[in-house]
Amino acid sequence: PRSDLAPNLKLEGVTVEPARIEIAGTEDVIGKISSVATEEFSLADVRATEQRQVRLALPAGVTVTNPNVTVGIKVGAMQ
């Protein structure tokens, strides 16, 4: 996520479901991957803890059955 959260809130945690995914591609491409990121998304409209569907940012030549994951965004009030 981008760091554009409202100034009165703090990001307390981010979770992703599923935590593991199965990807496919050629051995030379797959062998270099240790993690897969999500596409960048904004936190500007987050006002409370929520969940969002976010697309995976897959490297070229990599496929996955479902390119979407659920991201849990936990926020709290600044003190």
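Is valine 69 buried or exposed? I began with this residue in what is a predicted model, and I noted that valine 69 is buried, because its relative accessible area is 2% and the cut-off for buried is under 20%.

**Entry on valine 69.** I looked up where this residue sits and found valine 69 in strand E6. Setting aside neighbours within four places in sequence, I listed its contacts as Val16, Glu17, Pro18, Thr38, Arg52, Gln53, Val54 and Leu56. For one of these partners, valine 54, I also looked up the separation, and the C-alpha atoms of valine 69 and valine 54 are 5.5 Å apart in space while the two residues are 15 apart in sequence.

**Entry on the sheet.** I then turned to the strands, keeping in mind that strands of a sheet pair through backbone hydrogen bonds, either parallel or antiparallel. Here I found an open sheet of four strands, ordered E1-E6-E4-E3, with antiparallel pairing. Strand E1 (9-17) and strand E3 (37-38) are the edge strands, each pairing on one side only. I checked the E3 edge further: two bridges join E3 to strand E4 (residues 50-57), and these strands run antiparallel. Within that pairing, alanine 37 has alanine 57 of E4 as its bridge partner.

**Entry on proline 18.** Proline 18 had already come up among the contacts of valine 69, and I located it in the loop between E1 and strand E2 (23-24). I recorded that the peptide bond leading from glutamate 17 into proline 18 is cis, with omega near 0 degrees.

**Entry on the largest pocket.** I looked up the largest pocket and found a volume of about 210 Å³. It is lined by 13 residues, of which Pro18, Ala19, Arg20, Ile21 and Val36 are the closest to its centre. Sorted by class, the lining comprises nine nonpolar, three polar and one charged residues.

**Entry on the nonpolar core.** In soluble globular proteins, nonpolar side chains tend to be buried together, and I next asked which residues of the largest nonpolar core touch the most other members. Of its 13 residues, these are Leu5, Phe41, Leu43, Val46, Val71, Ile73 and Val75. E4 and strand E6 (68-77) each supply at least two residues of this core, and E6 gives the most, with four residues. I followed one member, leucine 5, and found that, not counting residues up to four places away in sequence, leucine 5 touches Lys10, Leu11, Leu43, Val46 and Val75.

Conventions:
Residues numbered from 1 in each chain as written. Predicted model: local features only at pLDDT ≥ 70, side-chain atom pairs only at ≥ 80, totals over all residues. Heavy atoms only, no water. Pairing = 2+ DSSP bridges. 1 Å grid on protein atoms, 1.4 Å probe; cavity = no way out; pocket = protein on both sides within 12 Å on 5 of 7 lines; lining within 4 Å. Points joined across faces, edges and corners; volume = space filled by probe spheres on them. Nonpolar A, V, L, I, M, F, W, Y, C, P; charged D, E, K, R; others polar. Core = buried A, V, L, I, M, F, W, Y, C linked by side-chain atoms within 4.5 Å. Buried < 20%, exposed > 50% of the residue type's maximum accessible area, 1.4 Å probe, protein only. Contact = heavy atoms within 4.5 Å.
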